[in-house]
Each structure stands twice: as structure tokens, then as C-alpha cells.
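Trainee: I am new to this structure and keep meeting terms whose rules I don't know. Could you take me through them?

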Amino acid sequence: MRIGIVSLFPEMFRAVSDFGITGRAVSNGLIELDFFNPRDYTTDRRQTVDDKPYGGGPGMLMKVRPVQKAIQDARKSTGPARVIYLTPQGMPLSQETLGSLSTDSAMILLSGRYEGIDERLIEQEVDLELSIGDYVLSGGELAAMVLIDGLARLLPGVVGDDESVIRDSFYDGLLDYPQYTRPERLEGEDEGSEQSRVPAVLLSGDHAAIARWRVKQALGRTWERRPDLLARQVLDDEAKQLLQEYLREKD
Ligand code: ADE
């Protein structure tokens, strides 16, 4: 996937290009990041990229021309690509949106700074506006990195096979079940208590029982923490029964 990035702070993207799973995807060539800094497309000596809003009000806005020229250059490098503007005004980013964007071979991400961008630029150049949540960040870069990270995980060959199996399993759309690693029992003040031990079923070697327990936990957690997610699911009889079991065990 080729990603053109229009940003005043390209260095920030080292967080994804130089570390972890996304870093590996970049060095393997599964993701290519190309940067286009609007400041490089200014024509005045001071390299002005912002200006005051018409009608008054606080803060500054990004000017049309430098951003537009950066996008046009990005298009030359990516070929046909959607232009996505990261903004709190956008459609909320979801796993479903990531899934549908992950099949695009190229995209251009526009990260704003200041109080925003001149609306005419958005109307002329932007295909999709995305928000990563109902809060305001000081720029779109972190949001663009969230998008890149979420997309990278969905590209074939980026995440190992085991993980992709879990991701594709039927309890998608629910929160994850709790996980444990060694030691089996934590030493310390609460030694012997329930909380210091790994749930016995996970040590049983009974794979069917483990799978059942995990689905039950995923359903229960989603019910407790994110009933909105559960409301969107159609639960089959087995899932309903597992959730009832979870609730009974809790009492
Ligand atoms: N830029 C600033 N805040 C943002 C948000 N919540 N989502 C996407 N882009 C942003």
C-alpha cells in the first residue's frame, strides 16, 4: 500500500515507520510512506502556510494553495488515490472502515494543523473525512498514524498467521477475552487468592472448553463495558446461553 502523507511535521511519522509491526511493514515494502510538506510548496520568503480566518475568530487556518500543491504532488507519486482528511468533523473511524480501506492500493492522508483548513480545499480535494474520536487533538498527524497502524495490521503478510486467525474468528465485533501468561500463580501478598491465579480452564488442555470460555468472557465483557457494541450483534442461541452463564457466574 502506497500512502502519501501531507503534513507540516513529517518527522512525527517515525513513530510508525521506525518501530514495531508498522516499522517492519515499511522496511519490507508492504507499506510505502511518501511525504509532502505544504511548507515546501510556498512561494514567499517566510514560507507562510497559515492565515487568519475571514469573519474573525481565534487561531489560524491552513491556506489553500500550499496544501493543494502538496496533494497534487502526492497524487503524482501514488497514482489514483483517495484523499483522506483527518479531522474531528469526520466520520468516526471503525474496524469496519479500516477493513474497507485496507483493500485500496494507495491513499493520501491529509493532516491539518492550527484551527483547520480553508473549506474550499476540503471541497475540491478531499474524498473522505475521518475522525478517530470525539476529542480535539492539536493536529491530524497522530490520527493519521492511528489509521496507518490499523490498516497495516490488515495487510496480508504484516501480522503473523496466529494473530490473523484470532482476528478473523467469529467473535469479531466483541471486546477481547482476558489473557494470561506465566507464572501460573503470582507470588506476594494475595498469594492463593483467586486473582493471583490463572483461570483453571486455561491450564486444562481442553481446547473446546478453552474456546467456549473465551467466547463467554468476550461476550460478558462486551455486555459489561460496551453494551452498544453488543446491541449491534445478532447473537445465536449458543452465544445467548454463554452470556447467561457468564451473568449467573458473576452473581
Ligand atoms: N485532528 C484533530 N483531532 C482529531 C480527531 N479527533 N480525529 C482526527 N483528526 C483530528
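Mentor: Gladly! Helices (H or I, at least four residues) and strands (E, at least two) are DSSP runs, numbered from the N terminus. This is a predicted model, where local features need pLDDT of at least 70 and side-chain atom pairs pLDDT 80 or more, while totals for chains, interfaces and linings use all residues. Residues are numbered from 1 along each chain as its sequence is written, and side-chain values use heavy atoms, without hydrogens and water.

Trainee: Which element gives the most to the shell around the ligand?

Mentor: β5 does, with three residues. The elements that give two or more are β5 (82-92) and β7 (128-131).

Trainee: What makes a residue one of the 13 around the ligand?

Mentor: One of its heavy atoms must lie within 4 Å of the ligand. T87, I132, G133, Y135 and L137 come nearest. The shell has eight nonpolar residues, five polar and no charged; Ala, Val, Leu, Ile, Met, Phe, Trp, Tyr, Cys and Pro count as nonpolar, Asp, Glu, Lys and Arg as charged, and the others, Gly among them, as polar.

Trainee: Why is the pair between T87 and the ligand called a polar contact?

Mentor: A polar contact is a pair of N or O atoms within 3.5 Å. A backbone N or O atom of T87 lies 3.1 Å from a nitrogen atom of the ligand, so the pair qualifies. A polar backbone atom of I132 is 3.0 Å from a ligand nitrogen, and for G133 the value is 3.1 Å, so these two pairs fit the rule as well.

Trainee: How much of the ligand does the protein cover?

Mentor: The protein covers 96% of the 260 Å² that the ligand has accessible on its own, by the Shrake-Rupley method with a 1.4 Å probe.

Trainee: What is the space taken by the ligand?

Mentor: That space is the second largest pocket. A pocket, on a 1 Å grid over the protein atoms alone, is an open set of points where a 1.4 Å probe fits, with protein on both sides within 12 Å along at least five of seven lines. A molecule sits in one if more than half of its atoms lie within 2 Å of its grid points. This pocket holds about 420 Å³ of space.

Trainee: Which residues line the pocket closest to its centre?

Mentor: Of the 25 lining residues, these are Y85, L86, T87, P88 and Q89. β5 gives the most to the lining, with five residues. By class, the lining has twelve nonpolar, nine polar and four charged residues.

Notes
Polar contact = N/O pair within 3.5 Å; in protein donor to acceptor, adjacent residues only side chain to side chain. 1 Å grid on protein atoms, 1.4 Å probe; cavity = no way out; pocket = protein on both sides within 12 Å on 5 of 7 lines; lining within 4 Å. Points joined across faces, edges and corners; volume = space filled by probe spheres on them.
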